[in-house]
Amino acid sequence: MISDAIETTQCQQKDPVDLFHSGHFVKICAPMVRYSKLAFRTLVRKYSCDLCYTPMIIAADFVKSVKARDSEFTTSKGDRPLIVQFAANEAQVLSDAARIVCPFADGIDLNCGCPQR
């Protein structure tokens, strides 16, 4: 799905904050473990969801393994705006993971609520 290179070109994305200036209710699908993958996001977008999150992705595994990237993160052209949620305990690892998904995402969320290693 995505290259195993960490270096990316300039990221061009929408600003999800613009949704809140539209004057309409913003419908957001929060991250849900094992459920917020592409198929589910596609379904909720069909029913007018404005903003979706990926399930939590362990940043260290994501950065180290192409297999982890390919299984944990998929997207499509209509899957925007998209926030990718990572769990990380090292700033550099979070930064590296964010660089990898940057061309495919409109924001990064750091999971601070679930207990992690």
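## The nonpolar core

In this predicted model, the largest nonpolar core has 18 residues, and those with the most contacts inside it are Phe62, Phe73, Val84, Phe86 and Val101. Helix H2, strand S4 and helix H4 are the elements that give two or more residues to this core. H4 provides the largest share, 5 residues.

In soluble globular proteins, nonpolar side chains tend to be buried together.

## Helix H4

Helix H4 spans residues 91-101, and its buried residues are Val93, Leu94, Asp96, Ala97, Ile100 and Val101. These residues lie on the same side of H4, because they cover an arc of only 160° around the axis.

Which elements cover the buried residues of H4? They include helix H2 (59-64), helix H3, strand S4 (82-87) and strand S5 (107-110).

## Aromatic rings

The structure holds 3 aromatic pairs. Ring pairs join Phe62, Phe73, Phe86 and Phe104 into a cluster. Phe62, Phe73 and Phe86 are also among the residues with the most contacts inside the largest nonpolar core.

## Arginine 69

Arginine 69 sits in helix H3, which runs over residues 66-72. Is this residue buried or exposed? Arginine 69 has a relative accessible area of 1%, and because the limit for a buried residue is under 20%, arginine 69 counts as buried.

The side chain of arginine 69 has a polar atom 2.7 Å from the backbone oxygen of phenylalanine 62. Phenylalanine 62 also belongs to the cluster of rings described above.

Methods. Residues numbered from 1 in each chain as written. Predicted model: local features only at pLDDT ≥ 70, side-chain atom pairs only at ≥ 80, totals over all residues. Heavy atoms only, no water. Helix = DSSP H or I, 4+ residues; strand = E, 2+ residues; numbered from the N terminus. Buried < 20%, exposed > 50% of the residue type's maximum accessible area, 1.4 Å probe, protein only. Polar contact = N/O pair within 3.5 Å; in protein donor to acceptor, adjacent residues only side chain to side chain. Phe/Tyr/Trp six-rings, centres within 6.5 Å; stacked < 30°, edge-to-face > 60°. Arc of directions from axis to C-beta. Contact = heavy atoms within 4.5 Å. Core = buried A, V, L, I, M, F, W, Y, C linked by side-chain atoms within 4.5 Å.
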